[in-house]
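Trainee: I would like to take a close look at a single part of this model, and I would be grateful if you could go through it slowly with me.

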Amino acid sequence: MLSYSYSFRPMTAADLPRVRRWLEAPHVSQWWGDPHEQFALLSADLHHPSMNQFIVAVDGNPFAYLLYYDPAAWPNHGFGAIADDARAIDQFIGEPHFIDRGHGSAFVSAFADQLLRAVAPRLLTDPNPTNARALRAYEKAGFRKQCPVQTPDGGALLMVRDA
């Protein structure tokens, strides 16, 4: 893995224009869906008590979006039976020149390490099973493939990382 130092700062309303631009990028919308719909959801959840959204930076350069949340706050999450203290994460790299350089797995691993120590003993994620880049990144970050699941956004592959 890369030896960069990543910073994770809470997303604020000031970040919304950047996140909107990232959601509109073809490499993000391919997997996240309609940019306008996703932007409305992320904006609406900015202050949701069970949703924690972050801007990821390396060397002071914001390049990615990451969130973790309590899936129990959304009863139709599609993960099946999960422990009350499990948390779910999702992310994307917004700046295209950061793709295919190892940053995805590196910052996900760094964030997961922090989260597993301080917040939850189990992390879940649900990438599209055809998103080979995401699957590789999560596996390199220590997540294990579990099973196919049907989420509100469609078919996904449940992946898990334990403390």
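Trainee: Through how many residues does a hairpin join S6 to S7?

Mentor: The hairpin that joins S6 to S7 runs through 2 residues. Before we go further, please keep in mind that this is a predicted model, in which local features need pLDDT of at least 70 and side-chain atom pairs count only at pLDDT 80 or more, while totals for chains, interfaces and linings use all residues. Residues are numbered from 1 along each chain as its sequence is written, and side-chain values use heavy atoms, with hydrogens and water left out.

Strand S6 covers residues 144-151, and S6 and S7 pair in the antiparallel sense over 7 bridges (strands pair if DSSP finds at least two bridges between them; strands are DSSP runs of E, at least two residues, and helices runs of H or I, at least four, numbered from the N terminus). If you would like one bridge to look for, take Gln-150, whose partner in S7 is Gly-155.

Now step back to the loop between H5 and S6, where you will find Gly-142. Gly-142 has a relative accessible area of 38%, so it counts as partly exposed (buried is under 20%, exposed over 50%, partly exposed in between, with a 1.4 Å probe and protein chains only). Leaving aside neighbours within four places in sequence, Gly-142 is in contact (heavy atoms within 4.5 Å) with Val-160 and Arg-161.

Val-160 and Arg-161 appear again for Phe-143, which, with neighbours within four places left aside, is in contact with a list of residues that also includes Ile-89, Val-108, Ala-112, Leu-123, Tyr-138 and Met-159. Phe-143 is among the residues with the most contacts inside the largest nonpolar core, together with Tyr-6, Val-56, Phe-63 and Phe-107, and this core has 28 residues (a core is a set of buried Ala, Val, Leu, Ile, Met, Phe, Trp, Tyr and Cys residues joined through side-chain atoms within 4.5 Å). Among the elements that give two or more residues to this core are strand S1 (6-10), strand S2 (51-58), H5 and S7, while the largest share, 7 residues, comes from H4. Apart from this core lies another, of 25 residues, with Leu-23 and Val-19 among them.

Leu-23 also helps you to judge distances from the loop, since Gly-142 and Leu-23 are 119 residues apart in sequence and 26 Å apart in space, C-alpha to C-alpha.
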